[in-house]
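Here is a friendly walk through the structure below, from local backbone details out to the whole chain. Keep the model open beside the text as you read.

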Amino acid sequence: ANAQYLADYRPYPFILDQTVLDFALSPDATEVTATLSLRPREAVEDLVLDGGRGVELLSLDIDGRAPDPAHVRRDGESLTIAAAALPDAPFALTTRVRIDPSANTAFEGLYISGGIFCTQCEAEGFRHITFYPDRPDVMAPFRVTIRSDKPVLLSNGNPVAIRDGFAEWNDPWPKPAYLFALVAGDLVAVSDRFTTRSGRRVDLNVWVRPGDQDRAGFAMQSLIKSMRWDEDVYGREYDLDVFNMVAVDDFNMGAMENKGLNIFNSKLVLASPETATDADYERIEAVIAHEYFHNWTGNRITCRDWFQLCLKEGLTVFRDQQFTADMRSAPVKRIEDVHTLRARQFREDQGPLAHPVRPERYEEINNFYTATVYEKGAELIGMLKRLVGDDGYASALDLYFDRHDGEAATIEDWLAVFQDATGRDLTQFKRWYTDAGTPHLTMTEDWDAGDRGGRLTLNFTQHTPPTPGQDDKPPRVIPIAVGLIGPNGDEVQPTRMLEMTEARQSFTFDGLGARPVVSALRGFSAPVILDRPIDDRNRAFLLAHDTDPFARWEAGRDLAMSALMSLAQGGDAGADFIDAIGRLAADRDADPAFRALCLMLPGEEEIATALAARGATPDPDAIHAAREDLARRVAEAHADLLARLYDAMEVPGPYSPDADAAARRSLRIAALGLLNRIDRGDRAEVLFGTAGNMTERMAALNCLIRRGRGQAALQALHDRFGDNRLVMDKWFSVQVMAAPPQDAVAVATQLAARRDFDWKNPNRFRALLGGLAANHAGFHAADGSGYDFTADWLMKMDGANPQIAARMSTAFETWPRYDKGRRDRALSALQRIAAMPDISRNLREMVSRMIA
Ligand code: B3K
Ligand code: ZN
């Protein structure tokens, strides 16, 4: 295989001073002329440019003259010009190539989505546009001209000249090719203005298809909030005269931070109360912020090589999390983030795809845009901040921006900034970047009433299980936030940050009088699995009295888990959980969003991951049954309370996506979901008919499908929104996700046969295949039908769009943790994929890592 290694890094032997591009756009024969001003870094070497098979070379010259053809070599992935043909001085290399955007179904490079020309270059898409040193440490200012009959022609930077059929753009900020973008189409803008704190006036545009303008306003408001927040909190200003955002329907991921021209999946821009849910609104605000924040963390300071991806992604996720915490509720945001981390990253870390936050080897870099690089990467920033304090963090970040502006940096540079700004040695901390796996932390307590007025000793051990290629892992530094709650419910020890650096280590608290209950890992101060012997009574006590909202929620979570375990083993009903959750739901002083989170039972996938982390073999059907059982028992025990909440949390007046209104709706929906177990779906039916917003409508639909009475509602939704792609994506996914497990594959099969299952559209494909993967017991059907269905579609998708096929193959990443019957069936599905004759590098790498 063609692996790349971090250890092999070597600077590019040429310096690129300027890039000039001209595009003559045509759907199936676009001509690109590129002029690169190059000079040798030291002695002249062969000049190697990346460039894939779809790029047809029409002409090439150096300083205006064609080199001897014997000095020019091409293989499928690159173009090499022998050193003998190059001057030992600055020179201009000009290539003319032809590409076919209409044939580009991989949506990487230049392609067409709904008649709009657009690009996606990260990580290595630019090489499908023209021959170029397509690596992040080769940075240059870009000048771009576009010729096309499309009315709107956009690229990075500031406009120089715009007239009919022609546009010229200039981006003065040196950037790597992955940040290049071009858009040409029949688009309209929602526009606004922003004045930066030093007085620069910036024109803001959100470009959408004609007719979609009335769904772009929220995106614009999110952008403006992000720009202000980055000035206020990080002191970072925008640096061009225009900022453009574009929404397209075919997009491999969420969005892309191209300099001055962010491109978005339309589902992360377009929103109206009728079509988007509260969760959609929150996500749109967060992703727009994320892409905007990349302007400094990613664009002004980029990555030296793709192994350093977490340098920009972990930091930018951390920044967007802080932003959402400031815009909405910080405790709720923290709980949501931990929930996602465990659902996606712990799961990844537990199986064959585990890798370090900074990997050392890859075959296809697009396979490493993972929960580990993004979400765990963000957790590492949070830990650093906890270890050096808020002021230390602020001065380290200032130093980072000062020292590395305009550079392509590394994790070593990042850590050096913290060391230099705070004096703290981060040698041990670096293991968080280099070592994969989720540490298991155990905590036991010793209580000595006689000693020093009551002494509590907390004993910790840490151990990280082996991951592929990494057997032994030395101890890491783990910040453990601890508080103590006295027997009367008062906090006797506010949060103290314990720093664990050894494999086993103890910490003491003196003068406590009576024995307190320990609130450990407050705020989820480190991404670890905490094991501690604690009984349900003390968990319920923490759920009632802890001052740390995360720890409170976590206590409820632990109670629910223990109830589920006991039900799954035929035990009793978890009375402690049912009582405690009722008290919390009724607590009018608590934020409704927090109460909603506490009412949400752990998902089936989450339960499976927790069981596997303890060395058990999860049984998907038993998990499903136990969870349904517990939900019904909660509903029965609290029927009156839930019904009152459902009514009381109705939000009067016109819909607003603000955090308070969304919080009330989330509690209302949580109550509905439980009541739905005992009211046959009657409330959901009424709500579906009367809801004035998509949040409640979808919640109701979900409930109806679960009660086996979704047909009429599905038909109604289709009648009303059949021509709205984003709503129809929801329509596809909810049917598969909410189907009873034994029907899930049949439902998916039937939906896949529909004419409007436009499988080449990534959103639609994800709606269906991702919907099935999210139906835990359905995907893991014992007869292997979920595996076979998914494998068939991955193989089909791989021929059109390898990135999407590879990404969706992670549905299989947990296969080794199940029983032998399921393992055999999953493995044979994976082997069938691996044996595919023209398998892409993307999918091949994923499948071979999973089989290994
Ligand atoms: N940087 C892009 C992701 C690119 C993914 C390439 N396969 C979006 C983001 O993280 O902001
Ligand atoms: Zn990002």
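## Two unusual backbone spots

Leu 521 sits in the loop that links β29 (517-520) and β30 (529-531); strands here are DSSP runs of E with at least two residues, helices are runs of H or I with at least four residues, and both are numbered from the N terminus. Its phi is near 60°, a positive value in a residue other than glycine. Leu 521 counts as buried because it has 23 C-beta neighbours inside 10 Å. The cut-offs behind that word are these: with C-beta atoms placed from the backbone, a residue is buried if 20 or more other C-beta atoms lie within 10 Å of its own, exposed if 12 or fewer, and partly exposed in between.

Arg 680 also has a positive phi, about 60°, although it is not a glycine. You will find Arg 680 in the loop between α15 (659-675) and α16 (682-690). Arg 680 has 12 C-beta neighbours inside 10 Å, so it counts as exposed.

A word on what you are looking at: this is a predicted model, in which local features need pLDDT of at least 70 and side-chain atom pairs count only at pLDDT 80 or more, while totals for chains, interfaces and linings use all residues. Residues are numbered from 1 along each chain as its sequence is written, and chains are lettered from A and ligands numbered from 1 in the order in which they are written.

## Around ligand 1

The shell around ligand 1 consists of residues whose C-beta atom, placed from the backbone, lies within 6 Å of it. Among them are Glu 122, Ala 123, His 290, Glu 291, His 294 and Glu 313. Both β19 (255-256) and α2 (278-293) supply at least two residues of this shell. By class, the shell has five nonpolar, three polar and four charged residues; Ala, Val, Leu, Ile, Met, Phe, Trp, Tyr, Cys and Pro count as nonpolar, Asp, Glu, Lys and Arg as charged, and the others, Gly among them, as polar.

Glu 122 and Ala 123 are joined by a cis peptide bond, with omega about 0°. Ala 123 belongs to the loop between β10 and β11 (140-147).

## Strands and pairing

An open sheet of four strands runs in the order β9-β10-β15-β12, with antiparallel pairing; two strands pair if DSSP finds at least two bridges between them. Its edge strands, β9 (109-113) and β12 (152-155), each pair on one side only. Between β9 and β10 (residues 116-120) there are five bridges, and Tyr 111 stands opposite Cys 118 in β10.

Elsewhere, β17 (residues 201-208) and β18 run parallel, joined by five bridges, with Leu 204 opposite Phe 243 in β18. Six of the seven residues of β18 (residues 242-248) are buried.

## The whole chain

The protein has 26 helices and 30 strands. Its radius of gyration, taken over C-alpha atoms, is 28 Å, close to the 29 Å that the globule rule (2.2 Å times the number of residues to the power 0.38) gives for 852 residues, so it is as compact as a globular protein of that length. Of the 852 residues, 50% count as buried.

The table shows three spans that UniProt lists as domains.

| UniProt residues | Helix | Strand | Distance between end C-alpha atoms |
|---|---|---|---|
| 74-179 | 0% | 49% | 25 Å |
| 218-432 | 56% | 9% | 37 Å |
| 537-851 | 71% | 0% | 43 Å |

Note on methods: UniProt positions renumbered as here; feature names shortened; annotations may be inferred.
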